[in-house]
Amino acid sequence: MHFTEDVKEALNHKYSDMADEMKAQGRDIISLCVGEPDMKTPEYVIEGIYEAMKSGKTRYSNCQGVKELREAIANDVNKTYGSDYDASEVMITPGVKPASYFALCSLLEPNDEVVIISPYYLSYPSNVALAEPTAKMVYVCLNEDLTLNEEALDKAVNDNTKAILVNSPNNPAGSMFTKEEVEVIARIALKHPNTYVISDEVYEKLIYRGQIHHSFISVKELKDRLVVVNGYSKSHSMTGYRLGYALANSKLTKKMALYAQQTITNTSTPMQYGALAIYNHPWDHIEPYNDYLEERMNYFHTELNKHPYFNGKCPKCSFYYWVDISASGKKSIEFCDDLLEKVGIVATPGVTFGEEWDNYIRFSIASPMATLEKAIERIRDYR
């Protein structure tokens, strides 16, 4: 394995580890760093895993994934978006990150180009570099108001571009592409003969009232050159279960399955049967959780922006607050180090989501309101 300079430590994990060390030393630390829902995994998922284990569904399973689960995913997606996926076009993976990584491994060839829309999920550059060390990465920044820069994207994509990597709903920014922006990205990709869109839509269910998620699945003509990755980490609070999936054309999913066969053998069989239980129950926990997230987000946005160092826009989705700290005169790592040392608050430096965003930091507000109130009290005193 060739580790290029693009294979870097994820700063959210670094700061989370620093916080744990400081807590062990007796410091009172509030971590607003890691992106993990603060709700319980639904009981029926746990029961589904338990029943699978009791009934002997603990052996090797198909490297592409348990067929019943793949069928359930395809049926659910088709019902939601009016698409026509079948089980052969679904790949089950041990997490959402491996879904995009397996796709990159199966698509990229030496000296291909990958366009990454920034700010991006922090693992994308490392995933590309590990999948194909010679791949050239081209970054296209969203506008300051987090809208798509169509001109810059069109200029960046060419016949050597193998993939456009997108993340909407966006981590870290809490923004979403409009229907028109999704269509623009698809149109630009389709102008070139070999360009795929790899769309990470893992936050699609954590949407605030009045907002709409526009999936690339809705662009019918893109299907053969689309990879959508998703999973249950955020929607069902299953971060530690490591379970995700990809939707792609059957030729590509077969290549991804072959990659899985020769590396991981298969995704955990009992976990897949636990996920299958999801499709036999209503997702009625989502709306109350989103309402609770929005309540906390509105509070955090209002109170944080009273401080002269912070200038943020209220998100439309997820549990991330993305905020400009230019007024502090500090770059993001220096700011986060200082915030942690002075008031014991852990945030994630914006530079880990793209070098152009070094004047931003990310907070995760997936914590009880009392914790957020305590954090705000401390931040008020920060200078």
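**Helix 5**

I began with helix 5 of this predicted model, and found Tyr124, Pro125, Ser126, Asn127, Val128, Ala129 and Ala131 buried in it. The helix spans residues 124–131, and 7 of its 8 residues are buried, so I noted it as mostly covered. Next I asked myself what covers the buried residues of helix 5. My list includes helix 4 (96–107) and strand 3 (113–118). It also includes strand 4 (136–141), strand 5 and strand 6 (196–200).

**Two cis bonds**

I then looked at the peptide bonds before two prolines. The bond from Ser118 to Pro119 is cis, and I read its omega as near 10 degrees. Pro119 sits in the loop that runs between strand 3 and helix 5. Ser168 and Pro169 are also joined by a cis peptide bond, with omega about 0 degrees. For Pro169 I wrote down the loop between strand 5 and helix 7.

**Asn170**

I looked up Asn170 in the loop between strand 5 (161–167) and helix 7 (179–190). Is Asn170 buried or exposed? Its relative accessible area is 4%, and the cut-off for buried is under 20%, so I put Asn170 down as buried. Its side chain reaches the backbone oxygen of Pro119 at 3.0 Å. Leaving out residues up to four places away in sequence, I found Asn170 touching Pro119, Ser175 and Ser318.

**Cavities**

How many cavities of 30 Å³ or more does the structure hold? I have 2 in my notes.

The second largest has a volume of about 30 Å³. Asn170 turns up again here, lining this cavity along with Leu142, Asn167, Ser168, Ser175, Met176 and Phe177. By class, I have 3 nonpolar, 4 polar and no charged residues in this lining.

The largest cavity has a volume of about 140 Å³. I saw 19 residues lining the largest cavity, and those nearest its centre are Asp76, Glu204, Lys205, Asn230 and Tyr245. Which element gives the most to this lining? That is helix 3, with 4 residues. Helix 3 (67–81), strand 7 (226–231) and strand 8 (244–247) each supply at least two residues. I sorted the lining of the largest cavity into 10 nonpolar, 5 polar and 4 charged residues.

**Cysteines**

I looked for disulfides and the count came to 0. Why is Cys141 without one? The closest cysteine sulfur, in Cys336, is 18 Å from the sulfur of Cys141, and a disulfide needs the pair within 2.5 Å, so the two are too far apart for a bond. Cys317 is in no disulfide either, and I noted the sulfur of Cys314 as the nearest cysteine sulfur, 11 Å away. As for their surroundings, Cys141 is partly exposed at 23% relative accessible area, whereas Cys317 is buried at 0%.

**His214**

His214 lies in the loop between strand 6 and strand 7. I noted it as partly exposed, with a relative accessible area of 25%. Setting aside neighbours within four places in sequence, I found His214 in contact with Phe177, Thr178, Lys179 and Val182. I also checked Glu183, which is 31 residues from His214 in sequence and 9.6 Å from it in space, C-alpha to C-alpha. Phe177 was already in my notes, as one of the residues lining the second largest cavity.

**Leu340**

My next stop was Leu340, in helix 11 (residues 332–343). Leu340 is buried, with a relative accessible area of 3%. Which residues does Leu340 contact, leaving aside neighbours within four places in sequence? I wrote down Met18, Met22, Arg27, Ile29, Ile345 and Val346. Of these, I followed up Ile29: it is 311 residues from Leu340 along the chain, while their C-alpha atoms are separated by 7.9 Å.

**Positive phi**

I closed with two backbone angles. Leu146 is not a glycine, although its phi is positive, at about 70 degrees. I found Leu146 in the loop between strand 4 and helix 6 (150–156), and it counts as buried at 14% relative accessibility. Arg242, another residue other than glycine, has a positive phi near 55 degrees. Arg242 has its place in the loop between strand 7 and strand 8. I recorded Arg242 as partly exposed, with a relative accessible area of 35%.

Methods
Residues are numbered from 1 along each chain as its sequence is written. This is a predicted model: local features need pLDDT of at least 70, side-chain atom pairs count only at pLDDT 80 or more; totals for chains, interfaces and linings use all residues. Side-chain values use heavy atoms; hydrogens and water are left out. Buried means under 20% relative accessible area, exposed over 50%, partly exposed in between (1.4 Å probe, protein chains only). A polar contact is a pair of N or O atoms within 3.5 Å; within protein, one must be able to donate a hydrogen and the other to accept it, and residues adjacent in sequence count only if both atoms are side-chain atoms. Contact means heavy atoms within 4.5 Å. On a 1 Å grid over the protein atoms alone, a cavity is a set of points where a 1.4 Å probe fits but cannot get out, and a pocket is an open set with protein on both sides within 12 Å along at least five of seven lines; lining residues have an atom within 4 Å of a point. Grid points are joined across faces, edges and corners, and a volume is the space filled by probe spheres set on the points. Ala, Val, Leu, Ile, Met, Phe, Trp, Tyr, Cys and Pro count as nonpolar, Asp, Glu, Lys and Arg as charged, and the others, Gly among them, as polar.
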